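Please look through the sequence and the model below before reading on. The paragraphs that follow go from single residues to the packing of the interior and back again.

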Amino acid sequence: MSVVDHLVIPDTAASSAALEVAAAYHSAALLNHSHRVYIWAAAYGSQQGIRYDTELLFTAAMFHDISLVPEFDSHTVSFEEAGGHVARVFAAGAGWPSERRERLGEVIAGHMGPDVDVADDPEGHLLSRAAALDIVGKNIDDFSPAFRAEVLQRYPRLGLAGEFLACFQAQADRKPGSSAARAIQSGLAVRMAANPLDAGSEHTPDENQGRLRSSTQRGDLRGHT
């Protein structure tokens, strides 16, 4: 069994339910992104000896971009703050106590902010670092080329770059004071274009645009930037 096989999903009822909800609302590209974020986060945590709550980290990964989708989009608060609220509601339904629900919401809401101190918030630190790796390739040398290739084979990118950038641009247009707007203004598109994880993509620009249209019809946070 490979390393990736050990990192796919924690064996808990809440983790399974989080995946079910994420799969129901995310596009295929965003769902795979969420899986990869968990794998990058969990693998780095294990590699560095960081103690973290596996179920909480997985649930945060599944919901960290949930408010980029039309059904949970907010016109009043940033997508990461809205995602934290969605996750709190989910966790209440899963029977989590109030303190644990708040932790989940805080981890998601904070993943677009400045670097999170691992000593204060290990799950937040891992989520933020993993999201930045997947979106712009930051700290990509945390993992060997072989491990990265295995993760990408299991969860291919499926034109994520075009879809994600369009989501952030839409957030920026409607919420000019948001983290997404700051990311766009500070050159997110350029950083994403240089992401080594997208090198050699098999999808042509036309295919990526088709995926983007399909997704939108369904509908400096530095974690991503």
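A residue is called buried here if its relative accessible area is under 20% and exposed if that area is over 50%, with partly exposed in between. By that scale N139, with a relative accessible area of 32%, is partly exposed. The model in view is a predicted one, and N139 is a convenient place to enter it, since this residue has a positive phi of about 60° although it is not a glycine. N139 is found in the loop between α7 and α8. A positive phi, of about 55°, also belongs to L158, which is not a glycine either, and L158 lies in the loop between α8 and α9, the latter helix covering residues 160-174.

From these loops one can step back to the chain as a whole. The chain has 12 helices and 0 strands, and its pattern along the sequence accordingly reads α-α-α-α-α-α-α-α-α-α-α-α. Of its 225 residues, 51% are buried.

How is the nonpolar interior made up, and which of its residues touch the most other members? The largest nonpolar core has 41 residues, and W40, F63 and L104 are the ones that touch the most other members. At least two residues of this core come from each of α2 (13-25), α3 (28-48), α4 (54-63), α5 (79-93), α6 (98-109), α7 (122-136) and α8 (145-154). The largest share is that of α3, which supplies 9 residues. L104 can serve as an example of the packing: leaving aside residues up to four places away in sequence, L104 touches L56, T59, A60, A87, A91 and W96. Separate from this core there is a second one, of 16 residues, whose members include L68, I135, F164 and A180.

W96, one of the contacts of L104, also takes part in an arrangement with a charged side chain, for R100 lies over the face of W96 at 4.1 Å from the ring centre. Between aromatic rings themselves, a search of the whole structure finds 8 pairs. In one of them, the rings of Y25 and F72 have centres 4.9 Å apart and planes at 70°, and the pair is edge-to-face because planes over 60 degrees apart are counted in that way. This pair links distant parts of the chain, with Y25 in helix α2 and F72 in the loop between α4 and α5, 47 residues apart. Both partners are partly exposed, Y25 at 30% relative accessibility and F72 with a relative accessible area of 25%.

Another edge-to-face pair is that of Y38 and F58, whose ring centres are 5.1 Å apart and whose planes stand at 85°. Y38 lies in helix α3 and F58 in helix α4, so this pair ties together parts that are 20 residues apart in sequence. Are these two rings buried or exposed? Y38, at 3% relative accessibility, counts as buried, and F58, at 0%, counts as buried as well.

W40, already met in the largest core, forms one aromatic cluster together with F143 and F147. W40 and F143 are also found in the lining of the largest cavity, which is completed by A41, Y44, L126, R129, A130, L133 and D142. The volume of this cavity is about 40 Å³. Both α3 and α7 supply at least two residues of its lining, and α7 gives the most, with 4 residues.

Helix α7 also holds D134, a residue that is buried, with a relative accessible area of 0%. What does D134 touch, once residues up to four places away in sequence are not counted? Its contacts are H33, R36, V37, W40, R157, L160, N195 and L197. The last of these, L197, is 63 residues from D134 in sequence, yet the two lie 7.4 Å apart in space, C-alpha to C-alpha.

A surface residue closes the path. Q185 belongs to helix α10, residues 179-185, and Q185 is exposed, with a relative accessible area of 62%. Q185 and A172 are separated by 13 residues in sequence and by 8.8 Å in space, C-alpha to C-alpha.

Conventions
Residues numbered from 1 in each chain as written. Predicted model: local features only at pLDDT ≥ 70, side-chain atom pairs only at ≥ 80, totals over all residues. Heavy atoms only, no water. Core = buried A, V, L, I, M, F, W, Y, C linked by side-chain atoms within 4.5 Å. Buried < 20%, exposed > 50% of the residue type's maximum accessible area, 1.4 Å probe, protein only. Contact = heavy atoms within 4.5 Å. Phe/Tyr/Trp six-rings, centres within 6.5 Å; stacked < 30°, edge-to-face > 60°. Lys NZ or Arg CZ within 6 Å of the ring centre and 35° of its normal. 1 Å grid on protein atoms, 1.4 Å probe; cavity = no way out; pocket = protein on both sides within 12 Å on 5 of 7 lines; lining within 4 Å. Points joined across faces, edges and corners; volume = space filled by probe spheres on them.
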